[in-house]
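Here are a few friendly notes to read alongside the model. Please keep the structure open while you go through them.

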Amino acid sequence: MSAGAAERTPRGTVTDAVLCTGLTYRFGTHTAVDHVDMAIEPGEMFGLLGPNGAGKTTTIRMLTTLLKPAAGTVTVFGIDVAARPMLVRRVIGYVPQMLSADANLTGVENVELFARLFDVPRKERKEKVAGALDAMGLTEAATRLAGTYSGGMIRRLELAQALINAPRLLVLDEPTVGLDPIARGVVWEYIARLRDEHQMTVLMTTHYMDEADAYCDRVSLMHRATIRATGRPADLRAGLGEGATLDDVFRHYTGDTLDKAPEEGGLRDVRRSRRTARRLG
Ligand SMILES: Nc1ncnc2c1ncn2[C@@H]1O[C@H](COP(=O)(O)OP(=O)(O)OP(=O)(O)O)[C@@H](O)[C@H]1O
Ligand SMILES: [Mg+2]
C-alpha cells in the first residue's frame with residue numbers, strides 16, 4: 001500500500017495510520033515494550049508477530065488507549081493517543097486477545113452494548129447493530145445467547161462489536177486463536193473483505209505464520225520487547241534464501257520460543273544454567 005504523495009521522513013508521514021516512536025512500557029522493573037518504532041500506512045494490513053511474552057499485546061494496549069506509555073509517543077491518524085484518548089477511541093475498533101463477548105447476552109445485545117459505549121446515536125443504533133451482525137453472518141443467530149455460540153461465532157460477534165463505529169483502524173489481537181482451520185479461514189476472509197470494502201487499516205497479531213504470510217502486506221517481528229525486523233513477508237523470506245518460509249523468518253529473528261529469560265520461565269536458559277551449575281559445582 002502506498003501512502004500517496006505524502007513525504008516519508010524518518011518520523012513517518014503525517015498520514016500514517018499508526019506511528020509509534022520510542023514507545024516503551026514497564027510492568028514494575030520489567031520492560032515489556034522497549035523503544036518500539038513502528039509506522040503503519042493507511043489501508044495496510046499489518047502483522048505484529050513474535051513469541052509469547054514478546055510485548056505484542058502490551059504494544060496494542062498502548063495504542064488503543066488502554067495503557068499509558070512510560071516513554072515515547074503513539075499517534076493514530078495523526079491524533080496523539082496520550083493527549084486525545086477519547087478522539088482515538090472513535091476511530092479504532094479493537095478485538096482483544098481474550099474472548100470478551102458476554103455469554104449471558106444475545107448477539108444483538110452484545111453489539112448494542114458496544115454501540116452505546118461508542119456513542120453511536122440512538123436513532124442509528126438499531127440499523128447499525130443489525131448491519132454489523134449481518135456483515136459477520138450472524139443474523140440468524142442474533143437473538144440467541146452468545147453462550148450458545150461456537151468459538152468461531154463468538155470471534156465473529158466480537159468483530160461485529162469492533163466494527164460498530166465504522167473504525168478507520170481495526171486492531172485484532174490473535175483473532176483466530178483457538179479456531180479450527182475452516183473457522184480461521186472464514187474470519188480472515190471477513191477481515192480481508194471489510195478492509196477492501198471500507199478502506200480500513202488493520203493491525204493484527206497472530207501465531208499462525210501461514211495466515212500472516214497470506215494476509216499481511218507487512219509484518220514486524222517482535223522479540224523480548226523490541227522490533228527485530230520489518231518488511232513484506234515475501235521480502236523477509238527472500239532475505240533468508242530460496243525456499244525459506246515465514247516460520248523460518250520467525251525462528252531466525254526470535255530464536256527458539258523456549259529461549260526466554262529464566263524469569264519468564266524459559267526452559268532453555270534453565271537447562272543451560274543447570275549445565276553450568278553442574279560444571280562449576
Ligand atoms: N499485567 C501484567 N503484569 C506484569 N507483567 C505483565 C503483565 N502483562 C504482561 N506482562 C509481561 O509483559 C511481557 C509482554 O507481555 P505481552 O502480553 O505484551 O506479550 P505478547 O507478545 O502479547 O505475548 P502472547 O503471544 O503470549 O500473547 C511479558 O513478559 C509478560 O509476562
Ligand atoms: Mg498477547
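**Notes on the ligands and the sheet**

1. Let's begin at ligand 1: His30 places a polar side-chain atom 3.0 Å from one of the ligand's oxygen atoms. Please bear in mind throughout that this is a predicted model. A second histidine makes a similar approach, as an N or O atom in the side chain of His207 is 3.0 Å from an oxygen atom of ligand 1. Gly53 takes part through its backbone, where an N or O atom lies 2.8 Å from a ligand oxygen. On its own, ligand 1 has 630 Å² of accessible area, and the protein covers 64% of that.

2. Next, the shell around ligand 1. There are 14 residues in it, and those that come nearest are Asn52, Gly53, Lys56, Thr57 and Thr58. By character, the shell divides into eight polar, four nonpolar and two charged residues. Strand S2 (30–40) and helix H1 each supply at least two of the shell residues. H1 gives the most, with three residues.

3. Which residues hold the magnesium ion (ligand 2)? Thr57 coordinates the ion through OG1 and Gln97 through OE1, at 1.9 to 2.2 Å. Thr57 lies in H1 (residues 56–63), while Gln97 sits in the loop between strand S6 (92–95) and helix H3 (107–117), so the pair ties together parts of the chain that are 40 residues apart in sequence. Thr57 deserves a second look, since it is also listed among the residues that come nearest to ligand 1.

4. Are the two magnesium-coordinating residues buried, exposed or in between? Thr57 is partly exposed, with a relative accessible area of 24%. Gln97 also counts as partly exposed, at 29% relative accessibility.

5. Now to the sheet. Four strands form an open sheet in the order S2-S1-S4-S5, with antiparallel pairing. S2 and strand S5 (79–80) are the edge strands, each pairing on one side only.

6. Strand S1 (residues 18–27) is joined to S2 by seven bridges, and the two run antiparallel. Within this pairing, Arg26 stands opposite Thr31 of S2. S1 and S2 form a hairpin with two residues between the strands, and there Gly28 takes a positive phi near 60 degrees.

7. On the S4 side, five bridges join S1 to strand S4 (residues 71–76), again in an antiparallel arrangement. Thr21 has Thr73 in S4 as its bridge partner. How enclosed is S1? Seven of its ten residues are buried, so the strand is largely enclosed by the rest of the structure.

8. Two backbone angles may be worth checking on your screen. His35 has a phi near 50 degrees, which is positive although the residue is not a glycine. His35 belongs to strand S2, and it is exposed, with a relative accessible area of 52%.

9. The other angle belongs to Ala225, where phi is near 80 degrees, again a positive value in a residue other than glycine. Ala225 is found in the loop between strand S9 (218–223) and strand S10 (226–231). Here the residue is buried, with a relative accessible area of 5%.

Key
Residues numbered from 1 in each chain as written. Chains lettered and ligands numbered in written order. Predicted model: local features only at pLDDT ≥ 70, side-chain atom pairs only at ≥ 80, totals over all residues. Heavy atoms only, no water. Donors = N, O, S within 2.8 Å, 3.2 Å for Na, K, Ca; no water. Buried < 20%, exposed > 50% of the residue type's maximum accessible area, 1.4 Å probe, protein only. Near = heavy atom within 4 Å. Polar contact = N/O pair within 3.5 Å; in protein donor to acceptor, adjacent residues only side chain to side chain. Areas by Shrake-Rupley, 256 points an atom, 1.4 Å probe, with all protein chains shown as cover. Nonpolar A, V, L, I, M, F, W, Y, C, P; charged D, E, K, R; others polar. Pairing = 2+ DSSP bridges.
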